[in-house]
Number of protein chains: 2
Amino acid sequence: MPTSSRFAIAVHMLTLMARTDEECIKSEDIARSVNTNAVVIRRLMCALSEAELLVSQTGPCGGSKLARAPQAITLLDIYRAVEGGSLFALHRQKPNRHCTVGRNIESVLEEVQAQMDEAVEGVLETITLEKVLQTVDPKASRRKRKTYA
Amino acid sequence: MPTSSRFAIAVHMLTLMARTDEECIKSEDIARSVNTNAVVIRRLMCALSEAELLVSQTGPCGGSKLARAPQAITLLDIYRAVEGGSLFALHRQKPNRHCTVGRNIESVLEEVQAQMDEAVEGVLETITLEKVLQTVDPKASRRKRKTYA
DNA sequence: CGATCTGTAACTATCGTAGTTACAGATCGA
DNA sequence: TCGATCTGTAACTACGATAGTTACAGATCG
């Protein structure tokens, strides 16, 4: 599993958009809240856009907004969009094929990986962006409920 | 979460020891099966020794063996011994405190981390080293059962 | 047409992993 | 007691991933 803060930043970004739906937010503004460079934000915007979690627009009054309601976006959607691989790495060099353990250990570890991934995904798919916003900014969450109702 | 193969190698190491219990295995021999340098193995041996999963001995006829039966060692024990941190990283720079989202997002993400960790640990604690050996080398597993019986 | 955005390339700094050499210290057998 | 054989560990290197930065092309709107 990579040591990246992409997932954390992506959740942060989308939470900002969930708070001010319809209205586009500029990468500069997001960068200020996240406390990083705007290009880092735009790179993640690309990934999140490809996953159809947000839509972007160039030009003046451009920026990004959610592609769908925050109730319909789970943390699993976000995780998959920005964080590729598995939770731990297998051997770098292939183990020794002349050893029984070396020959068979990798497939066992792949099975373990699969079970771990499944467990994590089970957690992430139960948490929606709406729930995150509710915890982070309850007032904005209530305001928004009218919009989508 | 760091992109390390320590967990994979540690499971490999201990599986080798589970196969030939009582008898000590040298770091050189383990390194040959894992296909890496002996020092890498010894570094992990230290961590696994501190976690009381194996015991080492210096000198001729030295090496390492399991500290207890493979039925009594779970993958969670191994994971905790060699893989420190969490499954994803939070923000590097602290988010902007002047923004409501920036101020509150981290505690939400920490809660998510905790839930993910718990889910993964739930999986790992159900898999014993004995079960791994059984899959990797069923013959040795049957042979050993006599020893511990 | 010009201002304002995104999208993206290119470069850099930093860090974690692990591969390597080298050696101190423990231990055993002759 | 000496020498061979292990572990334990320090020190250094190589490599890859992350993300911070500058720069600019291209889209879009007034």
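This passage looks at how chain A and chain B meet in a predicted model. Residues are numbered from 1 along each chain as its sequence is written, and chains are lettered from A in the order in which they are written. Local features need pLDDT of at least 70, side-chain atom pairs count only at pLDDT 80 or more, and totals for chains, interfaces and linings use all residues, while side-chain values use heavy atoms, with hydrogens and water left out.

The two chains bury about 4,100 Å² between them, and carbon and sulfur atoms supply 72% of that; buried area here is the accessible area (1.4 Å probe) that two parts lose on being put together, summed over both. Chain A brings 50 residues to the contact and chain B brings 50 residues, with contact taken as heavy atoms within 4.5 Å.

As for polar links, there are 12 residue pairs in polar contact between chain A and chain B, both residues at pLDDT 80 or more. A polar contact is a pair of N or O atoms within 3.5 Å; within protein, one must be able to donate a hydrogen and the other to accept it, and residues adjacent in sequence count only if both atoms are side-chain atoms. Salt bridges between the chains (a side-chain nitrogen of Lys or Arg within 4 Å of a carboxyl oxygen of Asp or Glu) come to zero.

How do the copies sit relative to each other? Chain A lands on chain B after a rotation of 180 degrees with 0.0 Å of shift along the axis, at RMSD 0.0 Å (least squares on C-alpha atoms of residues with pLDDT of at least 70 in both). That is the relation of a two-fold axis. Since 100% of chain A's interface residues are also interface residues in chain B, the copies meet through the same surface.
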